[in-house]
Amino acid sequence: MLAVFLTVPLLGAMMLLDSPIDPQPLSFKEPPLLLGVLQPNTKLRQAERLFENQLVGPESIAHIGDVMFTGTADGRVVKLENGEVETIARFGSGPCKTRDDEPACGRPLGIRAGPNGTLFVADAYKGLFEVNPWKREVKLLLSSETPIEGRKMSFVNDLTVTRDGRKIYFTDSSSKWQRRDYLLLVMEGTDDGRLLEYDTETKEVKVLLDHLRFPNGVQLSPAEDFVLVAELTMARIRRFYVSGLMKGGADLFVENLPGFPDNIRASSSGGYWVGMSTIRSNPGFSMLDFLSERPYLKRTIFKLFSQETVMKFVPRYSLVLELSDSGAFRRSLHDPDGQVAAYVSEVHEHDGHLYLGSFRSPFLCRLRLQSA
């Protein structure tokens, strides 16, 4: 009886609480079986951690020659050389210690090396930048404050650059949710993300694809005739044609992935590396798949728990997937409980090694490609 007296008021109070999200039901196919090239292994545990506790959240990685660069959770773009971490740029200001500091501090995400020894960087809150790492010069290319077709950019995410440096293709993951609320974006299933094109000469911005659910990593094809864009919430990668007979068209490059894709980068085999920090276990249980058709459960969860609390229940399973040039699964590298490589966001191949970025770990990892 006491339990009833306690439970009824609790349920009543819960009904009165507002939920920060208004999710709609989503439908997924049964995840692919983790067999064959997807068979679980521990290859990622052979990686070595670099710069441990010297940086946090090295989301994306670029090389100019043998010098490595990344962006960190405290708003910096840093140079990594000879065991030293050196700040070369900041796009924001102020304290950079908590999630509430992020909008003012900035959060560099996607980073690419350009053709003239400079870096192109996407900052989640500030926009697109070009950085000369040798002179410490920062040039704002496109501010997040600039409305694109009447809508603001709330979550600039990743970018890919043509070889001549003229065109930048980039993602704005949401007009509603900022990076610090990425889990709410995933759980709500908001379809307000976009793939955009920025012309560095004319300064013109075009929307190439709209109504995407958390568009994330982007990668130009070797022939620069199409751009791949990871649609994280839907566990798929879409393709948009930017030249040739199919120009302006779009299709699915690969769907029903075994995890939720973050950044996409080219592999030396002519295919693509995809980093995933959350998988869709089969056999097993995938929480995101289970919740996808139960929006009422999503609302209840976020009435009661913070994003950080919910993240503690997400298994730390890291998965790296190599796709062929046609989107077929070529090989997979696993760390089933994130013992060594955790929260993998990107796989950057350079000089016979795979460098693993992470959106929240206090290190990055390096794995010999021969070990993969």
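## The pairing of β12 and β13

In this predicted model, Y198 has V205 of strand β13 as its bridge partner. The two strands concerned are β12, which covers residues 193–199, and β13. They pair in the antiparallel sense, and five bridges connect them.

Strands β12 and β13 belong to an open sheet of four strands, arranged in the order β10-β11-β12-β13 with antiparallel pairing. At the edges stand β10 (156–161) and β13 (205–212), each of which pairs on one side only. From one strand to the next, the twist averages 20°. As a general principle, the strands of a sheet pair through backbone hydrogen bonds, and the pairing may be parallel or antiparallel.

## The edge strand β10 and its hairpin

How many of the six residues of β10 are buried? The count is six of six, and the strand is therefore described as mostly covered, since a residue is called buried when its relative accessible area is under 20%. Strand β10 is joined to β11 by four bridges, and these two strands run antiparallel. Within this pairing, V156 has D172 of β11 as its bridge partner.

Strands β10 and β11 form a hairpin with five residues between the strands. In this hairpin, G165 takes a positive phi near 80°.

## A record for residues 157–244

UniProt, in an unreviewed entry, places the feature "domain: Strictosidine synthase conserved region" at residues 157–244. In the model, this span is 50% strand and 8% helix. The C-alpha atoms at the two ends of the span are 27 Å apart.

## The hairpin of β6 and β7

Strand β6 (residues 108–113) is also mostly covered, with five of its six residues buried. Its connection to strand β7 (residues 119–123) consists of four bridges, and the two strands run antiparallel. Opposite R112 stands F120 in β7.

The hairpin of β6 and β7 has five residues between the strands. Here G117 takes a positive phi near 80°.

## Salt bridges between parts of the chain

Side chains of opposite charge can pair when their charged atoms come close. The count in this model comes to 29 salt bridges. One of them is formed by D172 and R194, whose closest N and O atoms are 3.7 Å apart. This pair links distant parts of the chain: D172 lies in strand β11 (residues 167–172) and R194 in strand β12, 22 residues apart. Both D172 and R194 are buried. D172 thus appears in two roles, as the salt-bridge partner of R194 and as the bridge partner of V156.

A further salt bridge joins E346 and R265, with the closest N and O atoms 2.9 Å apart. Distant parts of the chain are linked here as well: E346 is in strand β22 (residues 344–350) and R265 in strand β18 (residues 259–266), 81 residues apart. Are these two residues buried or exposed? E346 counts as buried because its relative accessibility is 0%, and R265 counts as buried because its value is 4%.

## A network and an exposed pair

Salt bridges that share partners join K79, E81, E86 and R136 into one network. Of these residues, K79 is found in strand β4 (residues 76–81). Why is K79 classed as buried? Its relative accessible area is 12%, and the cut-off for a buried residue is under 20%, so K79 falls within that class. K79 and V347 are 268 residues apart along the chain, and 18 Å separates their C-alpha atoms.

The salt bridge between D100 and R99 has a distance of 3.6 Å from N to O. D100 counts as exposed because its relative accessibility is 55%, whereas R99, at 37%, counts as partly exposed.

## A nonpolar patch on the surface

Which residues make the nonpolar surface patch of about 270 Å²? The patch is made by L17, L304 and F305. L304 belongs to helix α5, which covers residues 295–304. Its relative accessibility is 46%, so L304 counts as partly exposed.

Conventions: Residues are numbered from 1 along each chain as its sequence is written. This is a predicted model: local features need pLDDT of at least 70, side-chain atom pairs count only at pLDDT 80 or more; totals for chains, interfaces and linings use all residues. Side-chain values use heavy atoms; hydrogens and water are left out. UniProt positions are given in the numbering used here, feature names are shortened, and annotations may be inferred rather than shown by experiment. Patches are made of residues with over 30% relative accessible area and no salt bridge: like charges are joined within 9 Å, nonpolar side chains (Val, Leu, Ile, Met, Phe, Trp, Tyr) within 5 Å. Accessible areas come from the Shrake-Rupley method with a 1.4 Å probe; for residues, only the protein chains shown count as cover. A salt bridge is a side-chain nitrogen of Lys or Arg within 4 Å of a carboxyl oxygen of Asp or Glu. Buried means under 20% relative accessible area, exposed over 50%, partly exposed in between (1.4 Å probe, protein chains only). Two strands pair if DSSP finds at least two bridges between them. Axes are lines fitted to C-alpha atoms, for helices over the stretch in contact, and angles run from 0 to 180 degrees between N-to-C directions.
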